[in-house]
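Thank you all for making the time this morning. I would like to walk you through one structure slowly, so please have a look at it before I begin.

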Amino acid sequence: MQRRKTRKIKVGDIYIGADAPVSIQSMTKTDTRDISRTVKQIRSLESVGCQIVRVAVKDIAAAKAIKAIRPRIKIPLVADIHFEKDLAIESMRSGADKIRINPGNLRDMAGLKQIADMAKRRKIPVRIGVNSGSVRGKNCGRNTPELMAYSALGYVKSLEKMGFYDIVISLKASSVPETIQSNLLVSKECDYPLHLGVTATGLPESGAIKSSVAIGALLSQGIGDTIRVSLTSEPEKEVLVAKEILRSLNLARAGVEVISCPTCGRCQVDLCKTVSRLSERLNAVKTGLPDMKVAIMGCEVNGPGEAKDADIGIAAGAKCGMLFKKGKIIKKIKEKDFVGALIREIKKK
């Protein structure tokens with residue numbers, strides 16, 4: 001697909017926008033002042049493929065904690081700021097690679113100028129993060145997507161007047177249509193990179209669906225440069241869902257992708273159990289897995305024919321199956337050996 005042309009912004013050692021790959025972000029769920037727990041969680045996020053991490057900065061102590069956290073992690077760190085410009089200033093002094101500010105919660109232009117001046121000197125980008133819940137001016141005749149776009153673009157103009165252009169924009173609502181529409185509006189008005197996500201999505205099941213629909217709809221139109229899936233769950237799940245979104249659109253192929261048929265009356269093995277066991281084995285490894293597609297299909301209809309593009313796979317029969325590679329049958333194996341055979345083939349890679 002044709003990606004939207006944007007400026008290229010550097011966050012630590014990661015680029016966002018232009019020809020850079022779409023990056024995956026998450027946010028810690030620890031108290032940032034608890035340095036050891038925050039570092040532990042970030043390292044866990046790194047192990048599952050998170051590329052940029054955000055921490056909540058609710059007071060000066062949290063901002064100062066960044067100084068101890070940053071040297072102990074590998075990925076860029078974003079300080080999430082609301083209400084007080086001093087928190088942004090202290091976060092940058094402490095080594096934050098990027099600042100997120102919400103126009104609805106930080107409207108002091110003198111304070112914004114101080115943030116912009118320091119960010120410019122230190123070459124630290126700023127994300128203008130608009131949430132539908134904090135957007136102002138709901139009585140001015142605009143609907144929520146228009147208000148979100150208006151708020152973001154107004155903040156952009158303020159920063160530009162201050163001579164600051166190292167900007168990323170995000171527009172998030174709990175409503176999927178509002179999230180999509182607000183991002184479409186902004187994408188037509190500027191060339192700054194867009195950070196995509198849906199806010200307050202809920203538990204993993206519904207949250208993954210809402211996030212996939214909104215983020216996927218925008219990415220499929222070439223809109224979006226970095227993504228964060230928000231779930232009421234451990235942050236590692238956010239990263240795994242984000243990876244699947246990118247893989248489904250051929251925007252990333254990192255690690256082992258497992259595809260499987262939905263099963264029907266033709267299936268004569270416990271395919272759900274096999275897929276679940278294989279996924280558990282792969283998730284336990286976390287890092288070092290090869291980039292490959294693994295297919296587990298319930299019968300000869302779905303495999304290997306329909307899964308011939310898979311690197312390896314199994315087409316099940318009656319309590320047994322055929323192991324195949326790129327559509328070519330290799331050997332017959334028993335159902336109890338499905339997972340072991342696939343793991344051995346993955347290890348060969």
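Let me start at Pro21, which is exposed, because its relative accessible area is 61% and the cut-off for that word is over 50%. Please keep in mind, as we go on, that what you are looking at is a predicted model. As for where this residue sits, Pro21 belongs to the loop that runs between strand 2 (14–16) and strand 3 (23–27). If we set aside residues up to four places away in sequence, Pro21 touches Arg3, Tyr15 and Asp225. There is also a long-range relation here, in that Pro21 and Ala252 are 231 residues apart along the chain, while their C-alpha atoms are separated by 8.0 Å.

One of those contacts, Tyr15, leads us to a ring, since Lys8 lies over the face of Tyr15, at 5.0 Å from the ring centre. How many aromatic pairs does the structure hold? The number is 0.

Now let us turn to the nonpolar cores. The largest one has 73 residues, and the members with the most contacts inside it are Val57, Ile99, Ile101 and Ile169. The element that gives the most to this core is helix 5 (residues 144–161), which supplies 7 residues. If we take Ile169 and leave aside its neighbours within four places in sequence, its contacts include Ile128, Ala152, Val156 and Val186, and also Cys190, Tyr192, Pro193, Leu194 and His195. Separate from this, there is a second core of 28 residues, and among them are Leu271, Leu282, Ala307 and Ile314.

Technical notes:
Residues numbered from 1 in each chain as written. Predicted model: local features only at pLDDT ≥ 70, side-chain atom pairs only at ≥ 80, totals over all residues. Heavy atoms only, no water. Phe/Tyr/Trp six-rings, centres within 6.5 Å; stacked < 30°, edge-to-face > 60°. Lys NZ or Arg CZ within 6 Å of the ring centre and 35° of its normal. Helix = DSSP H or I, 4+ residues; strand = E, 2+ residues; numbered from the N terminus. Buried < 20%, exposed > 50% of the residue type's maximum accessible area, 1.4 Å probe, protein only. Contact = heavy atoms within 4.5 Å. Core = buried A, V, L, I, M, F, W, Y, C linked by side-chain atoms within 4.5 Å.
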